[in-house]
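Let's take a walk through a protein model together. Have a look at the sequence and the 3D view first, then read on.

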Amino acid sequence: MAHLVGAEGLHLEYPTKVVFDSISLGVNEGDRIGIVGRNGDGKSSLLAMLAGRREPDAGRVTRRGGVTTGVLDQADTLDDDETIGSAVVGDTPEHEWAGDPRIRDVISGLLDDLDWHARLGTLSGGQRRRVALARLLVGEHDILALDEPTNHLDIEAITWLAEHLKRRWSANAGGLLMVTHDRWILDEVCTATWEVHDRIVEPFEGGYAAYILQRVERDRQAAAIEQRRQNLARKELAWLRRGAPARTSKPKFRIDAANQLIEDVPEIRDKTELQSLAVSRLGKDVVDLLDASVSYGDKQVLRGVEWRLAPGERTGILGVNGAGKSTLLGLIAGSLEPTAGRVKRGKTVKVATLTQRLDELDEHLNDPVRVVISRLRTTYTFGSGSKATDLTPGQLLDRMGFSSAQLSTPVKDLSGGQKRRLQLLLILLDQPNVLILDEPTNDLDTDMLAAMEDLLDSWPGTLIVVSHDRYFLERVTDQQYAILGGRLRHLPGGVDDYLRLRQLEQKGPAPQQAAQAVAADPGLSGAELRAAQKEVAALERRIAKLTEHVGAARTALAEHDQSDYEGLGREMAAITALDQEISTLEERWFELSEHV
């Protein structure tokens with residue numbers, strides 16, 4: 001493969017820190033490289049040097065003649081006075097950009113729900129991020145350098161971006177460099193991973209899963225590596241091999257080697273023990289939402305929600321912005337009352353919420369970290385049953401990646417990621433038994449996300465998570481629900497189910513069917529309403545059952561004799577038929593959901 005850009009002997013330092021010391025590496029045609037590492041170790045600086053946006057203190061970066069690089073910065077550099085259209089396509093005539101399939105794909109994938117003529121100053125942070133990404137992707141660049149491209153994007157946009165990047169590099173010979181903490185997109189898109197640590201850049205083959213396997217092998221051979229980090233990496237590998245739904249049909253690393261490495265690693269969570277402890281702390285009643293609806297003026301956000309949270313339940317909540325996720329969390333936390341129906345809470349329930357804001361730390365800004373933690377509790381019981389251990393605040397902070405020096409650092413001087421981790425620790429020290437995490441992965445690198453996941457694995461209580469980080473959501477929860485059309489819908493197939501349902505929701509019923517439905521019945525009542533509600537419940541049960549059948553059939557297909565072409569054909573035909581039946585039932589579910 002032809003060389004696009006190379007770096008030789010790069011050295012970079014700040015007045016108090018050497019970031020890189022004589023590193024050499026290169027990007028070839030077709031490379032899709034993910035860059036990972038701890039916050040502050042130089043990932044963004046490396047990207048900037050390779051993109052020509054920053055000069056190293058020593059060494060040089062060379063690029064092949066004519067090679068162009070497009071950069072997506074973490075910072076928002078858009079002009080508030082520009083419109084979306086002018087920011088994305090400039091003054092290019094409409095007939096030119098509208099006739100380009102790639103540009104149309106980018107616009108429909110990222111900006112389809114936005115007003116083309118809206119000023120950028122009127123947009124939210126997430127909408128501005130999509131505009132910046134679209135402006136970059138419509139350009140003709142040989143190399144794309146993306147710095148945290150999934151920030152502020154929802155799961156649908158991240159899924160679209162992954163597919164777009166894969167298609168883009170299957171059609172041309174450019175290169176991709178991507179700094180991100182989103183482990184799902186790393187595994188989905190990247191063919192190589194660079195780990196930035198200790199002044200060096202260490203290359204690994206493959207995406208995130210392959211990188212974890214190789215890192216475990218490296219750590220096993222290096223006796224000087226701290227044992228705790230090795231155990232975390234092995235536990236992460238066990239999750240990748242055993243738990244992640246997306247990995248079962250297309251593993252990205254050597255199965256035999258992975259099995260050997262994790263053969264003595266216990267299950268990620270001891271669900272029976274955790275549930276038993278949760279029951280002892282909570283009793284059998286947690287929070288029940290009984291036909292709960294919430295309206296703001298004339299707008300009904302949630303309607304007829306029936307949900308009984310169980311002790312030890314670990315649930316992820318999905319939905320587009322504005323779907324009602326925050327409203328649902330408010331009902332559970334008790335900060336919001338339903339406008340119809342009721343919410344029943346157990347007598348011992350103690351709810352805590354890790355919000356997207358850091359307001360809880362305002363009163364501690366001038367206090368050192370050690371003092372803030374020690375005020376709440378002198379010990380914290382970590383784990384459960386025979387595995388329970390008492391940790392001091394210092395040990396707990398160490399487990400979440402705080403160094404000894406940082407224990408004396410005032411809260412106001414911590415980075416965003418460090419404040420996020422401290423915020424979670426303060427909540428856990430208060431010992432709630434129902435924990436709500438609202439976008440908890442903001443500002444955390446992959447190592448710290450793994451540490452947070454490890455901490456939550458032994459937390460015995462009911463856990464509700466709202467997150468656009470697909471990997472984290474699938475990693476820490478055992479089931480997922482979605483808010484669709486104001487209703488809470490169980491997702492037996494997880495995030496893949498949600499994405500499929502969202503596609504159906506966006507298509508909507510055929511125009512003729514929609515017109516007939518409105519004309520015949522703008523609002524059901526009485527016996528018709530009860531019949532429709534029963535049919536919706538029956539559809540949900542049938543869809544869940546069929547989805548389980550599809551999962552079992554896919555597993556059987558993977559184990560089928562690959563030389564039996566006729567048998568494989570029959571299995572594939574059966575799976576296709578099940579998928580078509582599910583799709584038909586889901587269309588009927590959406591049609592009915594508009595009226596019940």
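Which residues does L422 touch, not counting residues up to four places away in sequence? The list runs L361, V369, I373, L397, F402, V411 and L414. Keep in mind as you read that this is a predicted model.

## Two nonpolar cores

L422 is a good place to start. It belongs to the largest nonpolar core, which has 60 residues. Within that core, L422, L435 and L437 touch the most other members. There is also another core lying apart from it, with 53 residues, and W97, V189, I212 and A233 are among them. As a bit of background, nonpolar side chains tend to be buried together in soluble globular proteins.

## The protein as a whole

Zooming out, the protein has 596 residues, and 50% of them are buried. Its secondary structure comes to 21 helices and 20 strands. What about contacts along the chain? Take those with a separation of 6 or more: residues 24 or more positions apart account for 70% of them.

## A sheet of six strands

Now find the open sheet of 6 strands, in the order β5-β6-β7-β3-β8-β9. The pairing in this sheet is mixed. At the edges sit β5 (69-72) and β9 (200-205), each pairing on one side only. From one strand to the next, the twist averages 20°. In general, strands of a sheet pair through backbone hydrogen bonds, either parallel or antiparallel. For an antiparallel example, check out β8 (residues 192-197) and β9, which pair over 6 bridges. Here H197 stands opposite I200 in β9.

Helices lie across this sheet too. Helix α1 (residues 43-50) lies across β3 (32-37), β6 (143-147), β7 (175-179), β8 and β9, and runs at about 145° to β3. Helix α5 (residues 125-137) lies across β5 and β6, at about 175° to β5.

## Zooming in on L177

One residue worth clicking on in the sheet is L177, found in strand β7. Is L177 buried or exposed? It counts as buried, because its relative accessibility is 2% and the cut-off for buried is under 20%.

Leaving aside neighbours within four places in sequence, L177 is in contact with V27, I33, I35, L47, L50, L144, A145, L146 and W194. I33 is a nice one to look at: L177 and I33 are 144 residues apart along the chain, yet their C-alpha atoms are separated by 4.9 Å.

## Cavities and their lining

How many cavities of 30 Å³ or more are there? The count comes to 3. The largest cavity holds about 60 Å³ of space. Its lining is made up of D154, I155, E156, I317, L318, G319, K325, V466, S467, H468 and Y498. Both α6 (155-171) and β12 (314-318) supply at least two residues of that lining.

Let's follow two of the lining residues. H468 lies in the loop between β18 (462-466) and α17 (470-476). H468 is buried, with a relative accessible area of 16%. Neighbours within four places aside, H468 is in contact with L153, D154, I155, I158, N321 and E439. The other one, K325, is among the buried residues of helix α12. That helix spans residues 325-333 and is mostly covered, with 7 of its 9 residues buried. Besides K325, the buried ones are T327, L328, L329, G330, L331 and I332. After α12 comes G334, which has a positive phi near 90°.

## Two odd backbone angles

Last stop: the backbone. D291 has a positive phi of about 50° although it is not a glycine, and E439 has a positive phi of about 50° without being a glycine either.

Where do you find them? D291 is found in strand β10 (residues 287-296), while E439 is in the loop between β17 (434-438) and α16 (446-457). D291 is partly exposed, with a relative accessible area of 44%. E439 has a relative accessibility of 8%, so it counts as buried. You have met E439 already, as one of the contacts of H468.

Notes: Residues numbered from 1 in each chain as written. Predicted model: local features only at pLDDT ≥ 70, side-chain atom pairs only at ≥ 80, totals over all residues. Heavy atoms only, no water. Core = buried A, V, L, I, M, F, W, Y, C linked by side-chain atoms within 4.5 Å. Buried < 20%, exposed > 50% of the residue type's maximum accessible area, 1.4 Å probe, protein only. Contact = heavy atoms within 4.5 Å. Pairing = 2+ DSSP bridges. Helix = DSSP H or I, 4+ residues; strand = E, 2+ residues; numbered from the N terminus. Axes fitted to C-alpha atoms, helices over the stretch in contact; angles between N-to-C directions. 1 Å grid on protein atoms, 1.4 Å probe; cavity = no way out; pocket = protein on both sides within 12 Å on 5 of 7 lines; lining within 4 Å. Points joined across faces, edges and corners; volume = space filled by probe spheres on them.
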